[in-house]
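Biologist: I have a model open on my screen and would like to learn how to read it. Could you take me through it, one feature at a time?

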Amino acid sequence: MKKIFSTMMVAALVSASFTSCIEEIDPQTSTVTEQQAKDAPGAFDNFVANLTGNLSGQFIYGGDSHYVFDFGYPAFFLVRDVMGQDIVPVGTNNWFDTWYQDFNYLSPNYARTQFPWTLYFGWIKDCNIVLNQAGAVDYAAPVEGREVGAGIAYTLRAMYYFDMARMYAAETYLSNKNALTVPKVTEATTIEEVQHNPRMTWEEAFDFMLADLDAAEKLLADYQRADVYTPDVSVVYGLKARVYLERQDWANAEKYAKMAQEGYRMMTQEEFLSRDYGFNSPNDSWMFGITFKATDPNIVENDGDSSWGSVMMLENGFDCGYAANYGGPNVIDRHLYETIPASDYRKMCWVDFELEDLIDPDAEDIPSDLLNALSAYSDYPERIYAAGVDNASYGLGGLSVKFRNAAGKANVKYDAWVVAVPLMRVEEMMLIEAEAAGMQSEAKGIELLTKFAKARDPYYTYGTHRDAYYNTSTSQFQNEVWWQRRVELWGEGFATFDIKRLNKGVIRSYPGTNHIEGSRFNVNTVPNWMVWCFVNTEAQYNESLVKNPDPVRPAGDSDEFAW
């Protein structure tokens, strides 16, 4: 009879499987015996490849259930971003609305709460397997020939723990250095330790993550990767920049963000707005990414509907996809859109709200002037119209064309969604460098920020967005950086992290809002639904786990906010 273990226990089984008589572990999608893991030819290389191979394209959480959001790491971009205000999951059939409004389903008893816990600790388990196989237990030097695999495992494990620390911590490091984050499970953790495994404080979590990244930096120093789908030392520098930014160690955040930029460049206007390759193919700004493959379960099963392309791309020419055909697109917040100057070419990533006035509900055909206007955004204006108006019963304003179908495959079922997704871009590093520099010398920070912004908008003037904010938790300078991050990195998973880091709130109710009625919540500080809960099973197995409070959904729409 099989025993049911908590997610952390499964992760801890890694060390036990190499030191005891436990016969098998389950690294996400296959059963691997102890003997296979130790002795099979190429086993170590296969486990290393599995580290990034499991990041997308697999039904890790639901298996045969084919949950639409169960397509891997990029799913959490949307999970986090819809919790704020910058992405609105509109339409009649959007699978991400639980994280947008149904916060009661994010409490410990529900499956949505299990989803991130399962995936993140599964990925951590994969890292621990590699570190154990490499002989790198407790940061020991890996055996010869396994240094790079260990370095990749350290890099990714730090990335996962950093994500979880920010998602599960109720307070920022600045407000409380001893605030609790998440429990730690490493390649050396035993089952007994998991049963009494307290959450790390911020200080402990930072020490742990930086130890992993320090080890990765040494092991990957001379590694030359084949493509951006595997992390190298530049990604280690980028993760260090993120960690030090969160820690408000401005000098180190600036240092590592600058180091991370070496060998990369900003996307050009042509690349940013490309109708063939826009945010679906790596270019010289991408530092790290994932890619969906034609053989991935998320592509070949469930009509490909459980994929990034299904929920983020509007232009496919076949009758599948939640964004395009099933009435579930994700659009930009109207206020954020309206703060983007017309001279900023990034504004062309979203359909202008003024085009709503050209919709004629009584006409049999789409008005020609509206089709011409939509042609400024897409080679398939009829499909954009159908996605927003006919299928979603929403409209046109704010529909996203940032993420495009695979080049030349818009009509090919389901190859249109065999695309790459960026996990780290050099533009993020440039903005981290600017913010970190500016917190030490505002003049230097403004200089760096202005240089960045003028590459997107030649008429940019510092201070343009002074009126775009709704509390004074940060200076005008940090607000300006934050605005650039919101526009530049829209849809790439940073919204919740920045709201919590900067102690911002959420404004969804304002004149002309496009947020969904009944979910127009205004909160002037970090909303409690952004503090994620632990599933009940973890608390049952781990006697030392301190729970987070249940999220509370506001009683109703807030009064309209006056900007």
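Modeller: Happily! The secondary structure of the chain comes to 22 helices and 10 strands; these are DSSP runs, helices being H or I with at least four residues and strands E with at least two, numbered from the N terminus. The model is a predicted one, where local features need pLDDT of at least 70 and side-chain atom pairs count only at pLDDT 80 or more, while totals for chains, interfaces and linings use all residues. Residues are numbered from 1 along each chain as its sequence is written, and side-chain values use heavy atoms, with hydrogens and water left out.

Biologist: How compact is the chain, compared with a globular protein of that length?

Modeller: The radius of gyration is taken over C-alpha atoms, and the globule rule is 2.2 Å times the number of residues to the power 0.38. Here the radius is 23 Å, close to the 24 Å that the rule gives for 563 residues, so the chain is as compact as a globular protein of that length. Its C-alpha trace spans about 70 × 55 × 50 Å along the principal axes. Of the 563 residues, 61% count as buried, where buried means under 20% relative accessible area, exposed over 50% and partly exposed in between, with a 1.4 Å probe and protein chains only.

Biologist: How do I describe two packed helices?

Modeller: By the angle between their axes and the distance between the axes. Axes are lines fitted to C-alpha atoms, for helices over the stretch in contact, and angles run from 0 to 180 degrees between N-to-C directions. Take helix H7 (residues 147-168) and helix H10 (residues 233-247): their axes come within 10 Å and cross at roughly 25°. That makes H7 roughly parallel to H10, since angles under 35 degrees count as roughly parallel, over 145 as roughly antiparallel, 65 to 115 as roughly perpendicular and the rest as oblique.

Biologist: Which residues of H7 and H10 make the contact?

Modeller: Contact means heavy atoms within 4.5 Å. H7 brings Thr155, Met159, Phe162 and Arg166, and H10 brings Val235, Val236, Leu239, Arg242, Val243 and Glu246. By class, that is 6 nonpolar, 1 polar and 3 charged residues; Ala, Val, Leu, Ile, Met, Phe, Trp, Tyr, Cys and Pro count as nonpolar, Asp, Glu, Lys and Arg as charged, and the others, Gly among them, as polar.

Biologist: And at what angle do H10 and helix H11 pack?

Modeller: H10 and H11 (residues 250-260) pack at about 155°, with their axes 8 Å apart. The two are therefore roughly antiparallel to each other. Their contact includes Tyr237, Ala241 and Tyr244 of H10, and Trp250, Ala253 and Ala257 of H11. The residues divide into 10 nonpolar, 3 polar and 1 charged.

Biologist: Which residues of H11 are buried?

Modeller: Trp250, Ala253, Glu254, Tyr256, Ala257 and Ala260 are buried. What covers them includes H10, strand E6 (286-291) and helix H18 (426-438).

Biologist: Lys500 caught my eye; is Lys500 buried or exposed?

Modeller: At 9% relative accessibility, Lys500 counts as buried. Lys500 lies in helix H21 (residues 495-501). Leaving aside neighbours within four places in sequence, its contacts include Arg166, Tyr168, Ala169 and Met530. Lys500 and Ala169 are 331 residues apart in sequence and 9.5 Å apart in space, C-alpha to C-alpha.
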